[in-house]
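Good morning, colleagues. I would ask you to look at the model on the screen while I take you through its architecture.

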Amino acid sequence: MNRRIARVSLGIGTSAALAVAGTLAVSAPAQATYYSGGMPTRSFSVKTVGVNGEWVKYFDTARGNWNNAGVGASIKRKSSAKPSFTAGNYSQSWYGLYAPSGTRAHRSFQIKVNASTLWRDTGNIPKYDKWVRSTSTHELGHALSLADNPNTSKVSLMKHSRDRSKVQTPQPYDKSEVKRIYR
Ligand SMILES: [Zn+2]
C-alpha cells in the first residue's frame, strides 16, 4: 500500500517536473536556480531525432553555445545517445519543452522545440533563427540543471522575459550558476 502511494506521488512529481519555456508558467522550482531534472555531469551526448539538417545545425549551435561558454560543458551529438533533441509543429503553447526521465544519476531527457509558436511570434527568418537558437540553448540549460525564471534581476538565458533576439547564449549569471552547481 505504501509502495503504491509512493509510486503514485513519484509519477505526479515526474510530470510536474516538466520544464516549459513558453507562455505557460510551469512548475520547475520557480524561485530556485537549481533544477534537479538536469544531468548528473556536464559531459553528455544527445541524438537528434526526425529533423532535417537545418535543425541539426540549430542544435549544434545550441550545444556550441554551452561548450564554448567556459563552464566545463561537453555536449556531444551522437546517434546512440539516449537523450534526444527534436522539433516539430506542436499545437501546445510552448516554444520549447524539456522532459527529464529517470533518476538524476541515470538521467535522460527529451527536448522538443516548437517551430509553430516560434514562427507565429516572429514571422521573419532572421528573428525566427534567433528565437530558435535562444530556445534551443535555453532547453539545454535545463540539462545543465538550470531552472526556469531564476529569481534574479540579472540577465539570464533562463528567464521567460528575456529578449530572445538578443539573449541566445548563456549569460554571466547562467555561467556562474552552472559552475556553482557542478563544482
Ligand atoms: Zn525552460
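I begin with a pair of helices: α2, residues 53–67, and α4, residues 125–143, pack with their axes 9 Å apart and at an angle of about 55°. Please bear in mind throughout that this is a predicted model. An angle under 35 degrees would count as roughly parallel, and one from 65 to 115 as roughly perpendicular; α2 and α4 are therefore oblique to each other. The crossing of α2 and α4 is right-handed.

Which residues of α2 and α4 meet? On the α2 side they are Y58, F59, T61, A62, R63, N65 and W66. Their counterparts in α4 are V132, R133, S136, T137 and L140.

Let me now place these helices in the chain as a whole. There are five helices and six strands, and their order along the sequence is α-β-β-α-β-β-β-β-α-α-α. The chain has 183 residues, of which 38% count as buried. If we take the contacts with a separation of 6 or more, 64% of them are between residues 24 or more positions apart.

From α2 we can move directly to the strands. Together with β2 and β3, helix α2 makes a β-α-β unit, and that unit is right-handed. Strand β2 spans residues 43–48 and strand β3 residues 74–77; the two pair in the parallel sense, over four bridges. Within this pairing, S45 stands opposite K76 in β3.

Strand β2 also pairs with β4: the two run parallel and are joined by two bridges. Here T48 is the residue to find, as it stands opposite F85 in β4.

Strand β4, residues 84–88, deserves a closer look. In a regular strand, side chains alternate between the two faces of the sheet. Which residues of β4 lie on the covered face, and which on the uncovered one? F85 and A87 form the covered face, whereas S84, T86 and G88 form the uncovered one. F85, the residue opposite T48, thus belongs to the covered face of β4.

Finally, β4 is joined to β6, residues 108–114, by five bridges, and these two strands run parallel as well. G88, on the uncovered face of β4, has N114 in β6 as its bridge partner.

To recapitulate, β2 pairs with β3 and with β4, and β4 pairs in turn with β6. Helix α2 belongs to the right-handed unit with β2 and β3 and packs against α4. Thank you for your attention.

Conventions. Residues are numbered from 1 along each chain as its sequence is written. This is a predicted model: local features need pLDDT of at least 70, side-chain atom pairs count only at pLDDT 80 or more; totals for chains, interfaces and linings use all residues. A residue is buried if 20 or more other C-beta atoms lie within 10 Å of its own, exposed if 12 or fewer, and partly exposed in between; C-beta atoms are placed from the backbone. Two residues are in contact if their C-beta atoms, placed from the backbone, lie within 7 Å. Two strands pair if DSSP finds at least two bridges between them. A crossover is right-handed if, with the strands pointing away from the viewer, the path from the first strand over the helix to the second runs clockwise. Axes are lines fitted to C-alpha atoms, for helices over the stretch in contact, and angles run from 0 to 180 degrees between N-to-C directions. Angles under 35 degrees count as roughly parallel, over 145 as roughly antiparallel, 65 to 115 as roughly perpendicular and the rest as oblique. A crossing is left-handed if the near helix is turned anticlockwise from the far one by less than a right angle, and right-handed if clockwise.
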